[in-house]
Amino acid sequence: MPISKPESVLAPQSLDIGDFGALRESALTDAKVMLVDDEALTLEVIVTFLEESGYSRFVTTSEPTEALDLIARERPDILLLDLMMPKVSGFDILARMQADPELRYTPVVVLTSAAEASTKLRALDCGATDFLAKPVDASELRLRLRNTLAFRAYQNRLANYDRITGLPNRELFGKHVEQALRAAKRHGQSCAMLHLNLDRFGQINDTLGHGAGDALLRTASQRIQSAVRESDPMGRAADSVDDAGLSRLGGDEFTLLLPRVERVENASLVAQRVLAKIAQPFQFNGREIVMTGRIGIAVYPHDGEDHESLLQHASAAMSFAKSLGRGSYHFYSHDMNARAQERFTLENELRKAIERDELVLFLQPKVDVQTGRIIGAEALVRWQHPERGLLQPGRFIQLAEESGLMPQLGAWVMRRACHVLGDLHKRGHADMRLAVNVSGEQFRQNDFRTSVQEAVLNSGCNAGHLVLELTEGTLMDHVEQTIGTLHSLKALGIKLSIDDFGTGYSSLSYLKRFPLDELKIDQSFIRDVTANASDAAIVRAIISMAQSLGLSVVAEGVETAAQLAFLRAQGCPQYQGYFFSRPIPVEEFLQLASQAAQGASILA
Ligand code: C2E
Ligand code: CA
Ligand code: CA
């Protein structure tokens with residue numbers, strides 16, 4: 001018997017599978033195929049045929065007594081079953097499968113040499129899906145398998161997906177949610193369940209017809225997905241729609257699971273974006289339709305620990321959102337609403353703060369370890385809030401990153417810092433350098449280099465005395481692009497420093513490729529450097545590594561004389577820390593620098 005037949009015998013037919021688009025061929029050949037036949041040769045032949053058609057996952061047995069256990073364990077997508085076998089026949093196996101609720105829906109193609117109709121009918125009665133005559137013909141085999149699997153995939157679609165939007169339906173979504181909740185539990189993370197309801201949907205359906213209603217649902221589903229993708233400043237959530245995602249619950253209701261929310265307020269950010277997208281007018285048959293939505297949010301584990309209770313609470317919150325008016329969202333629990341509200345307020349205030357000039361630059365001196373002289377400073381931003389007082393960056397930098405305000409805030413800091421640097425030089429501190437922190441968001445802006453250049457030119461400061469501090473995380477993101485930007489900054493004469501060194505994951509080979517000037521040892525290593533031997537070893541190693549790479553080193557967070565003595569003994573050239581000075585207002589720094597300079601000249 002020839003093992004292979006020409007490929008063209010069976011051109012794949014195009015299968016109509018409704019609204020879901022064409023099934024990928026690979027989705028079928030990925031199927032796990034199980035074969036049960038007491039003749040080992042038949043098994044071999046079938047496997048060979050199927051391998052030629054692209055199938056690769058097989059479970060085979062020629063031992064009918066083992067078949068049932070194997071089926072239960074392997075859960076094949078399709079079973080090819082010989083009917084005539086010793087001890088346990090194919091009929092027996094079919095009957096046992098029928099009795100098992102887990103196995104009864106497995107498609108079974110029966111292999112039979114018996115031509116009689118009665119045998120075939122009996123097999124059908126016992127739950128077989130289709131027949132295949134023995135000896136097996138390659139093209140026949142391929143066709144049967146393909147059709148059975150395609151039909152199965154179609155049924156699966158119908159059972160699990162919404163026909164109009166193609167989104168997972170309530171049942172499948174429930175399974176995804178349970179999975180996501182288990183993962184969240186393992187990792188101690190929070191999830192958020194959003195329940196969205198479209199307003200006026202019934203009215204649109206009634207007046208414009210179901211065609212309009214369906215189009216509206218599809219548009220809504222696409223807009224929700226794009227809002228979720230765009231909601232994450234770092235693109236981390238890009239996969240989260242697929243992870244657990246979005247489902248059409250029925251009617252005009254959608255549910256959305258955000259599987260990893262770092263802070264619950266972020267769920268409100270997503271809710272706002274979704275509502276904003278939904279509210280954009282959409283066109284149907286030349287008419288403009290405006291729809292709005294409302295969202296209720298429940299948070300795992302705070303508001304519920306399983307799918308049902310989260311859904312119930314998100315729905316309750318959604319009902320409440322109705323009383324708040326169109327386009328609003330509401331958290332299930334009171335304190336989450338308070339937190340979201342607080343964040344929202346702070347974000348709006350921060351937006352205004354930049355315009356109203358409420359930001360303030362503080363400077364922390366950078367000091368020469370050997371001589372104790374000030375050699376420059378690091379600029380650290382503060383927010384002089386009209387009611388809340390002076391806010392530290394810990395309160396608002398992350399907020400600025402997440403709400404897209406960082407480029408503006410960063411640009412303000414850069415302009416102000418360049419201005420201060422120019423001032424320092426005018427006042428006779430011609431050697432002083434000023435370091436500015438640059439966030440990842442800001443660094444990745446297309447016009448970052450141009451904006452720095454502008455700030456330098458407008459202030460008239462010397463670019464050679466401007467230092468940019470970047471974290472390892474920022475540098476390691478899109479390495480090739482980063483290297484390009486760094487070189488273009490170096491071309492302006494600007495110095496580059498790597499901040500919080502030791503906390504990230506830089507590899508030495510990359511470090512060598514970045515055109516850096518300085519490395520700042522993170523304060524977490526300095527804190528216990530005099531008591532903890534491994535911290536001391538790390539600090540020593542960083543200093544010697546920096547020296548061998550030709551980089552300057554700054555130790556951060558030096559608070560005691562003992563820490564400073566250690567650094568001096570190790571040959572660390574510079575430090576910063578409360579021991580010398582906290583970050584101080586610019587005027588105060590200028591005075592300090594002048595006094596120090598006078599002191600030095602008196603001593604000289
Ligand atoms: P960083 O760049 O690592 O800044 C050093 C932080 O350590 C500053 O906190 C500083 O006040 C603090 N510090 C300095 N010496 C000591 C010490 O001896 N002991 C202790 N415990 N802390 C010390 P700050 O000013 O609260 O800033 C926190 C972070 O906020 C900064 O960490 C930086 O990542 C960010 N940041 C501050 N200003 C800006 C800015 O203008 N732009 C950007 N993108 N980020 C900024
Ligand atoms: Ca810094
Ligand atoms: Ca730092």
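**Calcium sites and overall architecture of the predicted model**

The calcium ion (ligand 3) is held by protein donors from D499 (OD), D500 (OD) and E556, the last of which contributes two OE entries, and these atoms lie 2.2 to 2.4 Å from the ion; donors are here N, O and S atoms within 2.8 Å of the metal, or 3.2 Å for Na, K and Ca, and sites may look incomplete since water is not among the atoms. The structure is a predicted model, in which local features need pLDDT of at least 70 and side-chain atom pairs count only at pLDDT 80 or more, whereas totals for chains, interfaces and linings use all residues. Residues are numbered from 1 along each chain as its sequence is written, chains are lettered from A and ligands numbered from 1 in the order in which they are written, and side-chain values use heavy atoms, with hydrogens and water left out.

Along the sequence, the donor residues of the calcium ion (ligand 3) follow the spacing D-D-x55-E. Distant parts of the chain are linked by the pair D500 and E556, which are 56 residues apart, with D500 in strand β18 (residues 495-501) and E556 in the loop between β20 (552-555) and α23 (561-570); helices (H or I, at least four residues) and strands (E, at least two) are DSSP runs numbered from the N terminus. D500 is partly exposed at a relative accessible area of 26%, while E556 is buried at 7%, where buried means under 20% relative accessible area, exposed over 50% and partly exposed in between, for a 1.4 Å probe and protein chains only.

The calcium ion (ligand 2) lies 3.8 Å from the calcium ion (ligand 3), and D499 coordinates both. Coordination of the calcium ion (ligand 2) is provided by E378 (OE), N437 (OD1), E469 (OE) and D499 (OD), at 2.1 to 2.3 Å, and these donors are spaced E-x58-N-x31-E-x29-D in the chain. Because N437 belongs to strand β16 (residues 433-437) and D499 to strand β18, the pair ties together parts that are 62 residues apart in sequence. N437 counts as partly exposed, with 26% relative accessibility, and D499 counts as buried, with 6%.

Away from the calcium sites, helix α3 (residues 64-74) has P64, A67, L68, L70 and I71 buried. These buried residues pack against β1 (32-36), β2 (57-61), β3 (78-82) and α4 (90-99), a contact being defined by heavy atoms within 4.5 Å. The residue R75, which follows α3, has a positive phi near 45°. In strand β12 (residues 329-331) lies H330, which is buried at a relative accessible area of 16% and which, when residues up to four places away in sequence are not counted, touches I295, G296, I297, A317, F320, A321, L324 and N337.

At the level of the whole protein chain, the secondary structure comprises 24 helices and 22 strands, and 50% of the 604 residues count as buried. The radius of gyration is 34 Å, against a value near 25 Å for a compact globule of 604 residues; the quantity is taken over C-alpha atoms, and the globule rule is 2.2 Å times the number of residues to the power 0.38. The C-alpha atoms fill a box of roughly 115 × 60 × 45 Å along the principal axes. Among contacts with a separation of 6 or more, 69% involve residues 24 or more positions apart.
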